[in-house]
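Hi,

Here is the structure I promised to pass on. Have a look at it first, and then read my notes below.

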Amino acid sequence: MDEEILREQLVYLDSLREYNEILHVQMEKRREKLKEMFAEIGDECYVESPFYSNFGGRNVHFGNGVYANFNLTLVDDTHIYVGDYTMIGPNVTIATAGHPILPQLRQQGLQYNMPVRIGRNCWLGAGVIVLPGVTIGDNVVVGAGSVVTKDLPSNVVAVGSPCRVLREVGEHDRQFYFRDRRLNPELLADV
């Protein structure tokens with residue numbers, strides 16, 4: 001409830017409102033606004049509107065080629081790091097803020113903030129929730145609707161609430177892109 005922090009936050013929220021009102025066809029204007037809003041943002045990033053954020057992206061660090069679909073909510077009371085080429089599905093929430101379990105502490109308005117780190121080449125499916133202090137490794141797929149409460153290692157598919165590792169990314173994924181649909185091997189020639 002610090003008055004100075006609240007005044008600063010309101011400026012960031014006004015900037016966020018401005019971003020959400022920029023027409024989608026005004027791609028360059030949208031890119032420039034994200035550069036103004038975010039702590040860091042790489043090349044070729046795109047965030048669909050509407051986009052929500054406690055501090056308007058002020059504590060958000062996106063690598064290159066990050067794509068975020070509609071209704072991304074970032075509780076960026078402290079830093080959120082997202083690696084290159086990560087894709088974020090619709091209705092995803094990434095939260096850095098939490099409140100104590102003890103009711104007497106919550107009654108006092110206490111809050112803690114823990115950074116979130118998401119690696120390179122990840123895919124967070126629709127409706128994923130990532131909680132404070134979580135680190136997700138590189139090349140991770142988090143299934144739709146999952147609630148990520150603990151760190152996830154690199155190169156895994158993880159699902160559920162709470163989210164758990166289902167399997168490693170492996171040879172099967174080099175052959176099939178979806179269920180029994182075969183991947184064209186030529187797509188992997190340069191990879």
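To start with a side chain you can find quickly: is Arg17 buried, partly exposed or exposed? Arg17 turns out to be partly exposed, as its relative accessible area is 41%. Before going further, please keep in mind that this is a predicted model.

**Salt bridges**

Arg17 is a good way into the charged pairs, and the structure has seven salt bridges. Arg17 makes one of them with Glu21, with N and O 3.0 Å apart. Why are these two about one helical turn apart? Both sit in helix 1 (residues 3-21), and they are four residues apart there, so about one turn separates them. Glu21 is exposed, because its relative accessibility of 52% is over the 50% cut-off.

Next, look at Glu18, whose side chain meets that of Lys33 in a salt bridge of 2.6 Å, N to O. This pair ties together distant parts of the chain, since Glu18 belongs to helix 1 and Lys33 to helix 2 (residues 27-37), with their positions 15 residues apart. The two ends of the bridge fall in separate burial classes: Glu18 is partly exposed at 36% relative accessibility, whereas Lys33 is buried at 10%. Lys33 gets that label because buried means under 20%. There is also a network here, in which salt bridges link Glu18, Lys33 and Glu36.

Helix 2 has a salt bridge within itself as well. Glu32 pairs with Lys35, and their closest N and O atoms are 3.6 Å apart. Along helix 2 these residues are three positions apart, about one turn. Glu32 is partly exposed at 40% relative accessible area, and Lys35 is partly exposed too, at 47%.

**Strands**

Now for the strands. Which ones make up the open sheet, and in what order? Five of them form it, in the order 1-4-7-12-15, with parallel pairing. Strand 1 (40-41) and strand 15 (135-136) are at the edges with a single partner strand each, so one side of each has no neighbour in the sheet. Inside that order, strand 7 (residues 80-82) pairs with strand 12 (residues 116-118) through three bridges, again parallel. If you want a spot to check by eye, Ile80 is opposite Val116 in strand 12.

Other strands to look at are 3, 6 and 9. Strand 3 (residues 51-53) runs parallel to strand 6 (residues 72-75), and three bridges join them. Here Phe51 faces Leu72 across the pairing. Strand 6 is also joined to strand 9 (residues 93-95) by three bridges, and this pair is parallel as well. Leu74 is the residue that stands opposite Ile94 in strand 9. As a general reminder, strands of a sheet pair through backbone hydrogen bonds, in either a parallel or an antiparallel way.

**The largest pocket**

Last, the pocket. What is the volume of the largest pocket? It comes to about 970 Å³. Helix 4 (171-175) and strand 20 (176-178) are the elements that give two or more residues to its lining. The lining has 22 residues, and those nearest the centre are Val141, Val169, Asp173, Phe176 and Tyr177. Sorted by class, 14 of the lining residues are nonpolar, four are polar and four are charged.

Over to you, and enjoy looking around.

Cheers

Notes:
Residues numbered from 1 in each chain as written. Predicted model: local features only at pLDDT ≥ 70, side-chain atom pairs only at ≥ 80, totals over all residues. Heavy atoms only, no water. Pairing = 2+ DSSP bridges. Salt bridge = Lys/Arg side-chain N within 4 Å of Asp/Glu carboxyl O. Buried < 20%, exposed > 50% of the residue type's maximum accessible area, 1.4 Å probe, protein only. 1 Å grid on protein atoms, 1.4 Å probe; cavity = no way out; pocket = protein on both sides within 12 Å on 5 of 7 lines; lining within 4 Å. Points joined across faces, edges and corners; volume = space filled by probe spheres on them. Nonpolar A, V, L, I, M, F, W, Y, C, P; charged D, E, K, R; others polar.
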